[in-house]
Each structure stands twice: as structure tokens, then as C-alpha cells.
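Student: Could you take me through one part of this protein slowly, and then show me how it fits with what is around it? I am new to reading structures, so please go step by step.

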Amino acid sequence: MIWDTGDAAQPTVVMGIVNVTPDSFSDGGRFERVDAAVQHGLTLAAQGAHLVDVGGESTRPGAAPVNADEEMARVLPVVRELAAAGVKVSIDTRNAVTAEHAVAAGAVVVNDVTGFGDPAMRAVTAAAAVAAVVNHMPTDDPRTMQAHAHYHDVVAEVRAFFVRRVLECREAGINDIVVDPGIGFGKTTAHNLELLNQLHRYADLGCPVLVGVSRKRFIGELAGDVPPAERGPGSVAAALAAVDRGARIVRVHDVAEHVQALRLWHAITRT
Ligand code: HH2
């Protein structure tokens, strides 16, 4: 089972982030080369990541879109090599054609930040019989998503989206579905905090909950204008709060730090 760590002492699944992009907000450019990205993925796996999430397009607010050919040129060799090395790979893409080739190259999870609104994305994922991460964002376009950060009740609206989209994914034939409230995707800091604090309200959906808070802007803001590379402690704190409220999977840059924190947190809370 992909969402089962097999370790009762540390049951939270840790998804390590490998960005093969020149412009990711926190580590852009560092892992642009294929071999460096593969090496980084192997390092994260050795540090205790249960799977690694490979992405070729930055989705930070205002990021430039990447066409699918360019995206595939970036990610497919990385997916292939990591999968061949025995690492479980998730493909972070909003393009069905990229997802299709990535699962053929060995990816076992499709992580679509636009939340599987594209029927082609649902069809590709169902045909490959791999898992889907359904992320919430209020519009399909990362460039304009912050303009859509308006909700009457953000927790309820995201929940309604999950109910609808999980049903559509099931109808398309996807069996393994994870939901993700999309922290930072068309959300203000207040929305992010409310979603994290109310995460337990998604427990009855029957899907594991994934949360991605690592190094995000709201952490820098609340910590007092801290740049991305220095947001590790705040990221760990936010991840633990999410796990406390039911998150099964955390998507993180700093794997070793999170694994250590999770071991301690679980040891204390199950005593
Ligand atoms: N966040 C980012 C990218 N993909 N996928 C899911 N399911 N949930 C998230 O919260 C999430 C995600 C953004 O973070 P990062 O990959 O570090 O940055 P960038 O998009 O700039 O590459």
C-alpha cells in the first residue's frame, strides 16, 4: 500500500520534493540538470522519503507556464531513473500527456495541482491504475490564482469541491484518491491557517489527506519576513499541526528534518 509506511512508529507518509525547474520559488535552478535532480531524489529517499514528487513546472503565483514538450524533457528522464532505482515517484503535472508518459516511465502517483478537472487527466490516471492527488485551486491558472482568493467559507467550499471531484474521479475509474486543500493556491494567509486548523473536517471523505506547506509564503510572513531557504522550522511546525489534524501525507523539501520531527511527535502522542 502506497499510503502505508509499514512503520507503526512513523505512520505519516513523507513525500520529498524534486523540482526540475529554473524558477521554483524556493529551490529554482538548483536541480535543473537531470543527474542533479536524480541525485537529489535518491538523497531524499535515503533520508526517509517514502516517495518523491517530480515536477517540471513552477506553480508559484505568477510563474511562467511551461509547454508539455519542455516539461516532459525536464521530468521524464528523472522519473525513469528514479523509478529504475526503486524509488516510488509521483509526477507533479497539470498536463495529461505529461502524466501519461510519466506513468509509462514508472511514476505511481499523478499529482495534479489543478485537481483533475481535465477529463483526459482522469482517463490517463485510471487507465494506468495509479493514484491521484486531487489538489484544490480556485482556478486552473497559477498566474491568476491569487485574484481568486475569495471564499465565504473556505473550509466548506474546498470540501464541496472534494466531494464533487472525488466522485468524478471514481466514475472515471480511479480507485486510489488523495485530497489536498491546496495550501497557498489561491488562498490568503488567513485561508491557509483556517484550512490547516480545520483539516479534521475532511476525515470522513474516505480519502487520505495530503498537505503541502513546505517553505510557503505564509510561513515566511508569519515568521517575520523570512526567505524560503530559512522557513524549515516553520514548515515542520505547520506539518505537525496538519498531521495532528489528520493529514496522512506531507509534501516537503526538508525530508530528514520532517522525519525526525514526525518520529518524536508520534512517539509522544501515542504514549
Ligand atoms: N505545492 C506546490 C507544488 N505542488 N502539489 C500538491 N499536491 N500540494 C501542494 O501544496 C503543492 C503541490 C508548490 O511548491 P513547490 O513545488 O515547492 O514550488 P513550485 O511550484 O514553485 O515548484
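Tutor: Gladly! Let's begin at glycine 246, which sits just after helix α8 and takes a positive phi of about 110°. Please keep in mind that this is a predicted model.

Now step back into the helix itself. Helix α8 covers residues 232–244, which makes 13 residues. At 1.5 Å a residue, α8 should span 18 Å, and its end C-alpha atoms are indeed 18 Å apart, so expectation and model agree.

Which residues of α8 are buried? They are Gly232, Ser235, Val236, Ala238, Ala239, Leu240, Ala242 and Val243. The elements that cover them include three helices, α6 (189–197), α7 (217–222) and α9 (255–269), together with two strands, β7 (210–211) and β8 (249–252).

Those two strands lead us to the sheet. Strands β7 and β8 run parallel and are joined by two bridges. Opposite valine 250 in β8 stands valine 211. The whole sheet is open, has eight strands with parallel pairing, and follows the order β6-β5-β4-β3-β2-β1-β8-β7. At its edges are β6 (177–180) and β7, each of which pairs on one side only.

Further along that order is β2, made of residues 51–55, and aspartate 53 has its place there. Is aspartate 53 buried or exposed? Its relative accessible area is 0%, so aspartate 53 is buried. Setting aside neighbours within four places in sequence, aspartate 53 is in contact with Met15, Gly16, Ile17, Val18, Ser90, Ile91, Asp92, Asn111 and Arg251.

Next, let's see how the nonpolar residues gather. As a general background, nonpolar side chains in soluble globular proteins tend to be buried together. Here the largest nonpolar core has 70 residues, and the members that touch the most others are Val52, Val54, Tyr202 and Val211. Val211 is the residue we just met opposite valine 250. Apart from that core lies another one of 11 residues, among them Ile2, Met15, Val178 and Ile249.

Tyrosine 202 deserves a stop of its own. Leaving out residues up to four places away in sequence, tyrosine 202 touches Val154, Val155, Val158, Arg159, Phe162, Pro181, Leu195 and Val209. Its relative accessibility is 0%, so tyrosine 202 counts as buried.

One of those contacts brings us to the aromatic rings. How many aromatic pairs are there? The count comes to two. Phenylalanine 161 and phenylalanine 162 form a tilted pair, 5.9 Å centre to centre with 50° between the planes. Phenylalanine 162 also pairs with tyrosine 202, this time edge-to-face, at 5.1 Å centre to centre and 80° between the planes. Phenylalanine 162 lies in helix α5 (residues 154–172) and tyrosine 202 in the loop between α6 and β7, so this pair ties together parts that are 40 residues apart in sequence. Together, Phe161, Phe162 and Tyr202 form one aromatic cluster. Phenylalanine 161 is buried at 7% relative accessible area, and phenylalanine 162 is buried too, at 0%.

What about the cysteines? A disulfide is a covalent bond between the sulfur atoms of two cysteines. A search of the whole structure finds zero of them. The sulfur of cysteine 169 has its closest cysteine sulfur in cysteine 207, at 8.9 Å, which is too far for a bond. Cysteine 207 is therefore in no disulfide, as the cut-off for the sulfur atoms is 2.5 Å. Cysteine 169 is buried, with a relative accessible area of 0%, and cysteine 207 is buried with 7%.

To finish, let's return to phi, where we started. Most residues other than glycine have a negative phi. Arginine 215 has a positive phi near 60° although it is not glycine. Arginine 215 lies in the loop between β7 and α7 and is buried, with a relative accessible area of 10%. Aspartate 225 also has a positive phi, near 65°. Its place is in the loop between α7 and α8, and aspartate 225 is exposed, with a relative accessible area of 73%. That loop brings us back to α8, the helix that comes just before glycine 246.

Notes:
Residues numbered from 1 in each chain as written. Heavy atoms only, no water. Helix = DSSP H or I, 4+ residues; strand = E, 2+ residues; numbered from the N terminus. Expected span 1.5 Å × (residues − 1). Buried < 20%, exposed > 50% of the residue type's maximum accessible area, 1.4 Å probe, protein only. Contact = heavy atoms within 4.5 Å. Phe/Tyr/Trp six-rings, centres within 6.5 Å; stacked < 30°, edge-to-face > 60°. Core = buried A, V, L, I, M, F, W, Y, C linked by side-chain atoms within 4.5 Å. Pairing = 2+ DSSP bridges.
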